[in-house]
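Good morning, and thank you for making time for this item. I should like to take you through one protein model, from its overall layout to a few individual residues.

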Amino acid sequence: TVGCDPARVQSMLGVVASTELAAHARDAAGAHTVRTLAPGQAVTREYAEGRLNLQLDSQQRVVRAFCG
């Protein structure tokens with residue numbers, strides 16, 4: 001995805017999510033926006049170029065980072 005590279009934030013996997021972490025991840029990935037996805041959370045499935053998604057586990061740790 002142009003402007004969003006999740007490879008740049010792989011070092012954040014396993015880290016507990018916070019507002020500061022999300023902002024840092026957004027900037028590091030070169031994304032325009034970021035959203036966190038909690039387990040079981042209802043989410044829209046629209047593709048948004050330039051959006052970084054941080055998928056969390058039940059302990060609020062980042063388990064996956066992907067763009068779209």
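I shall begin with the overall fold, then turn to the sheet, the core, the disulfide and one loop residue.

Please keep in mind that what is displayed is a predicted model. The protein contains one helix and three strands, and, read from the N terminus, the order of these elements is α-β-β-β. Its radius of gyration is 11 Å, close to the 11 Å that the globule rule gives for 68 residues, so the protein is as compact as a globular protein of that length. The C-alpha trace spans about 30 × 25 × 15 Å along its principal axes. Of the 68 residues, 28% are buried. As for contacts between residues at least 6 apart in sequence, 41% of them join residues at least 24 apart.

Let us now consider the strands. How do they pair? Strand S1, residues 33-37, runs parallel to S2, with five bridges between them. Within that pairing, Val34 is opposite Leu52 of S2. S2 and S3 are also joined by five bridges, but in the antiparallel sense. S2 thus appears in both pairings, and five of its six residues are buried.

One residue of S2 deserves a closer look, namely Asn53. Is Asn53 buried or exposed? With a relative accessibility of 0%, Asn53 counts as buried. Its side chain makes a polar contact with the side chain of Arg35, at 2.5 Å. On the S3 side, Asn53 stands opposite Phe66. Beyond its neighbours within four places in sequence, Asn53 is in contact with several residues, including Arg35, Leu37, Phe66 and Cys67.

I turn next to the core. In soluble globular proteins, nonpolar side chains tend to be buried together. Here the largest nonpolar core has 14 residues, and those that touch the most other members are Val9, Ala25, Leu52 and Leu54. Which elements give two or more residues to this core? They are H1, strand S2 (51-56) and S3. H1 makes the greatest contribution, with four residues. Ala25 offers a good illustration: apart from neighbours within four places in sequence, Ala25 contacts Val9, Met12, Leu52 and Leu54.

The structure also holds one disulfide. The partners are Cys4 and Cys67, with their sulfur atoms 1.9 Å apart. What does this link tie together? Cys4 is in the segment before helix H1 (19-29), while Cys67 belongs to strand S3 (residues 62-67), so the bond connects parts that are 63 residues apart in sequence. The link is left-handed, with -75° about the S-S bond. Both Cys4 and Cys67 are buried.

Finally, I should like to point out the turn of the hairpin. S2 and S3 form this hairpin with five residues between them. Gln60 is located in that loop. Most residues other than glycine have a negative phi. Gln60, although not a glycine, has a positive phi of about 65°. Gln60 counts as partly exposed, at 35% relative accessibility.

To summarise, this is a predicted model with one helix and three strands. S2 pairs with S1 in the parallel sense and with S3 in the antiparallel sense, and a disulfide joins Cys4 to Cys67. Thank you for your attention.

Methods. Residues numbered from 1 in each chain as written. Predicted model: local features only at pLDDT ≥ 70, side-chain atom pairs only at ≥ 80, totals over all residues. Heavy atoms only, no water. Disulfide = S-S within 2.5 Å. Buried < 20%, exposed > 50% of the residue type's maximum accessible area, 1.4 Å probe, protein only. Core = buried A, V, L, I, M, F, W, Y, C linked by side-chain atoms within 4.5 Å. Contact = heavy atoms within 4.5 Å. Polar contact = N/O pair within 3.5 Å; in protein donor to acceptor, adjacent residues only side chain to side chain. Pairing = 2+ DSSP bridges. Rg over C-alpha atoms; globule rule 2.2 N^0.38 Å.
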